[in-house]
Structure formats: structure tokens, C-alpha cells
Amino acid sequence: MNGVGGPTPRMRNQPLFWVVVVLFAALLAGFLFRPEGQRSNTVLRSFFRTTPDGVAALARGIERLGRAVEPRITPLVDADAVRGTVVLLRPRLPPTPREINALLEHVRAGGLFVYAPPYLTGRRWTEQTPLMDSLGVWFRFRPVTEEAREETLLEPRWRAHALTEDLPSPQAPAHGFRIFGFSDGDEANDSAKVAALNPLLTATDSDDEEWMAAAEVALGNGRIVVLSGADALSNADAVADPLAALAVRAALAYTGEADTVFFAEYHQGIRGHRTPAEVVRGFFLGSPGGRVLLHLVILSFLILACRGLRFGAPAPAVAPPDRERRSPLEHVSALGDLYRKAGAARTAALLLLTRLARATRQPPPRDTAEADTLLRRLDGEESTDTPLARARKGLHADPPDLTAVAAGIDEHLERRINP
């Protein structure tokens, strides 16, 4: 019975056992709390995301219809040349003036740019990014009460255009915009930032003012498709919202078969493909759950280190006046505690049997087998109730019963002296 589950007490006393336990617990917690495919903490219109906020479905749809699709994880300048169709949806990192110049030059040369500007507001007005200013795009200000009630613009309708032909009835947009210098496609003044404008989707507000929710802008030999929002292109809404179909049509109509549709992932904050080490570092340092887990792991290792760290001698260098030296009993007790804490009870039992071997002029035992042979040789009786039989039983216990071993040896030696 003592052999069943015997190693457990000894393993629990080993620091390596607890190190393995801590690491296993950390890996298990990391697995259980890993990011899931249907959950994200931030909204990101990313080519890589299959979560409801991503646009992976839009990219796969364009690819299935015959156009190559790739993510662009480099800036628009000082890297690969701008080519093909560029898709930029509510970017977290706005393009720099140099990038804007390179992008617009590419459009003038015949490229396509699909753009959903970010909706930025002050206290009572909307703000423009440098790219919005270059295109003359200005958003309608949406009051707080309108946002709280989730109100949308009224009477959405498609304008006559090849991209809108036979599309289902549009959904009401939340945001509307205008482009300076144009009114319903006709040039109004000299502040125009583009050559021509074709509204694709319009709607009215509560004051019956008309706003655009989608428009095609001609710039040189190329085209810019401006959308008031990117929600319709997300994985959650792309199937039900016909505005996503309009974006796909634009990509197919204005992108050559040999060209590629590039999703500007660099401006979504994605700098490149991360290695497994970077993913682990990002989890432990970049997420709240990972930081909590990291602190718990560090705390566990500190506890293990403190348990195994020596904080000086067990007794002061100079004994107090009332305790000049330890008594033999105190010395033995302290020694026994050290053996017990170190998990070396079997070594202590062999040391106890050394005393018996010397008293009987036998060689000291070096392991349990030799100790058992010594006890059997000195115990001439076959009974299991002799002092050495009890010592042998204590020796084979797990952990060894040092009290039984010591008591059996003392009783046997006393009988030899006083038969």
C-alpha cells in the first residue's frame, strides 16, 4: 500500500515540480483566454479580420469575382510604388501629405481609390483630415441626440449610374457628406478639388437638405469612390447592405484584370505579419488579461525563489548568554527538521542504521537494500514484533518512519547490553 502514490510527497517538495505547475497553469490560462474569431476589443476595418468589424468577406468576394486582392502593409511613400486599386476604410493612421500626393498622382494616372473617410467631430462641427481636405470632403455634423437615438438620414435613393443599376433599395445611411465646389454634379465655384463628381447615393436630413452617402469623383484618368461610412462593407453587414455590392462593382469596373486591389492595412495600424514570439509578447504586454497573467506568473516564481533562498545562518554567530550552546536533543531536532524539509528522510534513516552497524562491527549500509540485509542478518528471530523488525518496517515506509527506525535500534542495542 505504501508503494501506491509514493512519489507524490517527494515531488511536492521539489522546486522543479512547482515551476512546471506554474508554467502549465500559465499556458492553460493563455489557451482558455486566447482571442476568439468572433470577438474583438476595437473596431478595425481590416483585410485580416474575420470578426464582424473586419472586411475580410469584402476582400474574398472581390477575389472570387476575378480580381487579385492583397493587403498593403507598407506606407504609400518610401516603399513599394502605389499601384492597382487602393482601398482605405476609416483609417486609424491618416496618410501624410507626401502619401496623399503619391496617392492622388496614382489616381490621375488611371488608378482607382475607394475611400471611407473617418468621421471626426469637435463640439459642434466636423473636422477634416489632410486627405479629406485635399478631396474637398466635408461631413455633416451629427448631433449627440441623433447618435443616442441611432437616427439615420431620410429617403435614401440611388442616382442613375452604371454602378447603381439594378441594385436593391438602399439602406438609410447614418452619415452624409458634401464635396466642395460641386452641387449635384455641376461645378459651382473655383474651390473644387476634383475634376468631376457623380453622386451615387443620396439622402436628406430633417431639414430636407440633401447629402451624399456615396459618390464617384473623377480625377485625371482615374476614379475615387467616396463612401460616408464603412459599416456597410463590414463582415457583419456586407451581405445585407447593397452599398457593399456597389463597392465590389467599382473594384471590378475600374481595376484591370492584371491589376490588384490593395487594402491599406498599414494605415489600420498593421505593420506586417507578426512572428509567434511577437504574438506572445503582444498578449502578455499588450492585453489586460495577458498583463494580469504575467504578473501572476512572476509572483509565483518570486514565492518559489523566496522559499528556496537562504536568509543567513540558522543561529547567530554569537550565542545569547543564556544559550551558549545547543543541547544534544536540540541539535538532533534541528538536524531532523533539515532532513525532513529537504525530502531526505531515507538518507537520515541510513545514517541512523550506521550507528547500529558500528555497534555490531558491520559495514555501514549505503542504500536501502544493504540496510534491509543488515537488519535481517542481525535479527535472528522470525517474528515480526522484534525491535529490528519494527525498524525494518519503518525503513520501508514512504517516507521512512525515522521514529520507528530509531526506537527499534535503541531497543535492540539495549537488549544486547542488558540481556
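Seven aromatic pairs turn up when the whole of this predicted model is searched. A good one to visit at the start is the pair formed by Tyr119 and Phe139. Their ring centres are 5.5 Å apart and their planes stand at 90°, so this pair counts as edge-to-face. To find the two partners, look for Tyr119 in the loop between strand 3 (112–116) and strand 4 (120–121), and for Phe139 in strand 6 (residues 137–139). These parts are 20 residues apart in sequence, so the pair ties together separate stretches of the chain. Both Tyr119 and Phe139 are buried.

Strand 6 takes us straight to another pair, since Trp138 also lies there. The ring of Trp138 has its centre 5.5 Å from that of Trp211, and the two planes are at 45°. An angle over 60 degrees would make a pair edge-to-face and one under 30 would make it stacked, so the pair of Trp138 and Trp211 is called tilted. Trp211 belongs to strand 12 (residues 210–219), and the pair links distant parts of the chain, 73 residues apart.

How exposed or buried are these two tryptophans? Trp138 has a relative accessible area of 33%, so it is partly exposed. Trp211, with a relative accessible area of 5%, is buried. Trp211 has a charged neighbour too: Arg178 lies over the face of its ring, 3.9 Å from the ring centre.

A similar arrangement can be seen at Phe47, where Arg60 lies over the face of the ring at 4.8 Å from its centre. Phe47 is also part of an aromatic cluster, which it forms together with Phe48 and Phe263.

Phe263 makes a handy bridge to the last stop on this walk, because it is one of the residues lining the largest cavity. The search of the whole structure finds one cavity of 30 Å³ or more, and the largest cavity has a volume of about 40 Å³. Alongside Phe263, its lining is made up of Leu58, Ile62, Val87, Val114, Ala247, Val248 and Ala251. What classes of residue make up this lining? There are eight nonpolar residues, with no polar and no charged ones.

Two helices stand out around this space: helix 3 (56–64) and helix 7 (242–254) each supply at least two residues of the lining. Helix 7 gives the most, with three residues.

Conventions: Residues numbered from 1 in each chain as written. Predicted model: local features only at pLDDT ≥ 70, side-chain atom pairs only at ≥ 80, totals over all residues. Heavy atoms only, no water. 1 Å grid on protein atoms, 1.4 Å probe; cavity = no way out; pocket = protein on both sides within 12 Å on 5 of 7 lines; lining within 4 Å. Points joined across faces, edges and corners; volume = space filled by probe spheres on them. Helix = DSSP H or I, 4+ residues; strand = E, 2+ residues; numbered from the N terminus. Nonpolar A, V, L, I, M, F, W, Y, C, P; charged D, E, K, R; others polar. Phe/Tyr/Trp six-rings, centres within 6.5 Å; stacked < 30°, edge-to-face > 60°. Buried < 20%, exposed > 50% of the residue type's maximum accessible area, 1.4 Å probe, protein only. Lys NZ or Arg CZ within 6 Å of the ring centre and 35° of its normal.
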